[in-house]
Amino acid sequence: MESTEFFDVLSQVSENAQNYLSVLNEEQFEAAVHEGSPLLILAGAGSGKTRVITTKIAYLIGERQIAPWKILALTFTKKAADEMRHRAINLEEQASQSKILTFHSFGAYFLRTNSKAAGVAENFTVYDDEDSLQLLIRANPRLTKNRASHYARLISLAKDYCLLPDDDLSEICGEDADFPKIYQNYQNRLRETGNVDFGDLILLPYLTLKNDDDVRSYFQNRFRAILVDEYQDTNVAQYLLLQELSGVREGSGNYVCVVGDDDQSIYKFRGAEIQNILTFEKKFPETKIIRLEKNYRSTAEILRVADDVIQNNFGRLGKTLVSQRGHGEKPVLTFFRDADEEALDVVGLIQKDVLLGGKLSSWAVLYRTNAQSLAFENAFMQSKIPYQVVGSLKFFEREEIKDTLSYLSLLANPRDEVAFRRIVNKPPRGIGNTSQEKIATLARSSVLFDTISSIPSMKIDFLAATEKIAPTLSKKASENAKSFVQLFESLKDFLLGEKSSEKSDENEENLPAFDFENENVEEKNDDEHFVWQRTGKLADAIWTVVNESGLLAHYRSFDEDNGTSKVENLIELANSAEPFDLSFDGLVSFLDHIELDRAQNDDGATERVTLITLHNTKGLEFDNVVMTGMENGLFPRDYKNQNEIEEERRLCYVGMTRAKNRLFLTACASRRLYGFTRHSERSIFLDEIDAENLKISSSNGQAWQVRNFLEAQHGKNGLSNSHFESAERFCVGTQIFHDDHGYGEIVKSTTTDSGEKKIFVQFENGEMKTFLPKYASHKLQVVEG
DNA sequence: GATCGTTCTATTTTT
DNA sequence: TAGAACGATC
């Protein structure tokens with residue numbers, strides 16, 4: 001952009017816009033004020049992309065007279081959406097009327113407002129992965145749990161790729177002929193409930209937009225500017241949704257701006273399609289591409305090392321970060337004997353920093369797999385250093401929370417079989433599996449399909465079915481079943497604002513606690529007297545559920561026996577409903593909020609070290625980053641093809657670029673995995689870094705690792721042939737170790753028809769096996785000496 | 001429906 | 001190895 005243009009724009013905008021535009025660099029500025037064609041912003045790590053998006057939103061509203069409600073900005077996480085919204089509003093107040101949402105909450109909003117067109121229940125709730133799995137098992141009762149979760153994963157992947165049971169699913173499941181049927185059974189059950197799963201939140205809006213001209217033209221008119229964050233991690237379904245919303249298929253002109261970094265695409269395994277960003281300019285004609293390569297986060301030394309690694313990827317759009325921070329310390333690479341030593345040393349490193357005035361919260365320990373956190377947790381615990389493990393134990397996945405939510409879900413939608421099954425006998429009511437089957441059979445036999453739309457409805461829902469079946473059960477179970485149904489009747493009245501049940505005359509005795517007119521519900525909490533303060537809000541209904549369902553008593557005694565704090569969690573859950581109205585709508589929007597907002601409750605107030613998987617670090621930054629377990633087989637994990645390696649390499653790049661000031665890399669010579677300790681060699685990613693750019697050290701007795709590393713640096717030119725080289729090492733007479741078969745000796749070596757080396761190994765346990773080193777090298781190692 | 005011993009199986013994960 | 005999940009048993 002010519003600088004005259006820069007001043008032209010600046011001279012014509014409001015004072016407010018002058019303020020927020022003048023802090024941008026040239027490329028950021030160009031991106032923020034660009035209009036008239038699709039825009040792809042290639043935003044490197046730490047290049048200020050959120051600033052650009054939020055500025056763009058403010059600029060569109062304040063200077064380009066786009067009505068704020070005509071702007072849609074989509075992100076992946078709730079956290080990112082919240083941050084974007086706050087920052088946009090900070091720049092331009094009216095942005096509060098824009099839709100700045102996660103993809104999934106946009107989907108929920110879409111389905112909520114177009115339930116009929118989309119074929120879902122008006123009061124649908126969202127099934128999370130665990131609920132989906134339960135439904136899958138119901139729909140395919142002969143599957144073992146393991147098989148079922150395998151298929152649940154495939155279904156969610158299929159939906160990410162926008163594939164339905166009738167489509168060609170071979171890309172998803174290969175030759176597995178059972179999958180389409182299993183998927184179909186699941187879909188049928190899901191539609192019977194009227195609910196949706198996470199995949200549906202993208203898939204169903206897309207299908208509705210595609211097939212329903214009215215809905216499509218409404219939405220295309222409604223949103224004139226669409227912005228998408230983290231575009232490199234969008235999946236096929238999200239791409240198709242964007243296509244329909246933008247109107248690009250019809251050649252209409254809604255403004256589309258996507259922001260992303262192909263080097264940070266790390267979610268292939270859950271359907272992210274890097275091709276979306278690589279081919280964006282083809283799919284959206286006349287795309288303008290702007291690169292943001294000025295990095296405001298990391299020192300030049302850190303970026304250099306990150307660049308050494310990422311350079312080795314082929315399928316990239318290409319971009320080189322330039323540090324705006326200047327110089328700092330060289331990243332440190334340290335070799336250890338094993339994971340315990342590694343953890344201990346990291347603790348020492350942090351302790352030393354704290355002594356010098358450093359803060360615990362400026363440190364993050366990154367690892368590839370969750371299991372690796374254990375050694376660190378032990379080490380931190382012993383040294384009494386506070387730490388937090390990001391991503392573990394999520395509040396809304398806890399048993400007691402899900403139980404309560406199931407009561408609420410069933411209240412919202414009595415067709416919800418998963419919720420019904422979960423809580424009908426919890427706490428125990430004597431309604432066991434046999435009775436449940438009777439109820440479910442009755443309910444499911446009442447499903448009717450609309451003759452025109454073929455959308456299913458359920459004439460006798462699960463509550464009605466329970467009422468009908470109740471008289472056939474044993475005396476106790478029958479009574480319990482009746483009061484179970486009564487609980488829901490009363491709650492419904494409660495929500496609809498009827499203070500007392502009309503049919504209370506005969507049931508009064510059974511239902512003493514349903515007197516909602518009564519004063520606060522009194523509860524004993526340990527030895528203290530806990531009183532639920534009536535709020536007049538949805539929280540009252542939730543507390544009533546917890547109390548009247550018997551869950552409270554159930555979990556109180558559980559807590560006493562096990563020293564857990566489930567009751568506390570239940571109180572917290574009820575409290576979290578405080579902002580919601582005591583009404584049916586309030587209930588439904590609370591459930592939406594819960595399902596779609598599962599950000600872990602990290603209280604950032606406490607000073608502590610962060611332990612976190614590499615994947616979870618996306619979007620975060622820390623002064624000091626330790627990347628641990630830089631070993632082949634762990635990071636990168638055992639791999640098959642170049643694409644997978646490239647994704648791991650991007651993950652490495654993401655990890656490194658989280659560091660602002662100091663970066664530490666660690667590798668161990670041996671590691672315990674699945675029960676036995678095995679030798680591990682340093683990560684190929686380490687070899688990709690120029691040794692000149694690192695400070696290299698080792699713990700006691702591990703100097704040989706440093707020597708090996710430096711030696712490899714000298715013969716680096718042939719590195720990409722390492723596979724072949726390793727094949728050459730397997731000659732007759734060599735002692736080897738195989739992960740599955742143990743120690744053995746190569747007794748014979750031949751060449752296959754296709755010209756590949758084949759070795760015959762006599763193992764110590766008597767077995768004789770053949771391998772193709774080219775494919776088996778990840779499990780085979782030469783035993784030295 | 002609770003408990004105990006045995007068997008199984010090991011990435012990454014937002015919504 | 002370790003944790004979860006399963007199945008037999010009371």
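Which residues surround DNA strand C? In this predicted model, they are Thr144, Lys145, Tyr674 and Gly675.

**View 1. The surroundings of DNA strand C.** Have a look at Thr144 and Lys145, shown together with Tyr674 and Gly675 around the strand. The residues of this surface comprise one nonpolar, two polar and one charged.

**View 2. The buried face of helix H19.** Helix H19 covers residues 373-382, and its buried residues are Ser373, Ala375, Phe376, Ala379 and Phe380. Looking down the axis of H19, you will find these buried residues within an arc of 160°, so they line one face of the helix. As a reminder, an α-helix has 3.6 residues a turn, so residues three or four places apart point the same way. On the other side of H19, Met381 and Gln382 are exposed.

**View 3. What H19 packs against.** The buried residues of H19 pack against helix H18 (339-355) and three strands: E12 (363-367), E13 (387-389) and E18 (609-613). After H19 comes Lys384, a residue with a positive phi near 55°.

**View 4. An open sheet of seven strands.** Follow the strands in the order E13-E18-E12-E19-E20-E11-E23, with parallel pairing. E13 and E23 (695-698) stand at the edges and have a single partner strand each, so one side of each lacks a neighbour in the sheet. On average, and ignoring direction, neighbouring strands of this sheet are turned by 20° against each other.

**View 5. The pairing of E12 with E18.** These two strands run parallel and are joined by four bridges. Here you can spot Leu366 opposite Ile612 of E18.

Technical notes
Residues are numbered from 1 along each chain as its sequence is written. Chains are lettered from A and ligands numbered from 1 in the order in which they are written. This is a predicted model: local features need pLDDT of at least 70, side-chain atom pairs count only at pLDDT 80 or more; totals for chains, interfaces and linings use all residues. A residue is near a molecule or strand if its C-beta atom, placed from the backbone, lies within 6 Å of it. Ala, Val, Leu, Ile, Met, Phe, Trp, Tyr, Cys and Pro count as nonpolar, Asp, Glu, Lys and Arg as charged, and the others, Gly among them, as polar. A residue is buried if 20 or more other C-beta atoms lie within 10 Å of its own, exposed if 12 or fewer, and partly exposed in between; C-beta atoms are placed from the backbone. The arc is that of the directions from the helix axis to the C-beta atoms. Two residues are in contact if their C-beta atoms, placed from the backbone, lie within 7 Å. Two strands pair if DSSP finds at least two bridges between them. Axes are lines fitted to C-alpha atoms, for helices over the stretch in contact, and angles run from 0 to 180 degrees between N-to-C directions.
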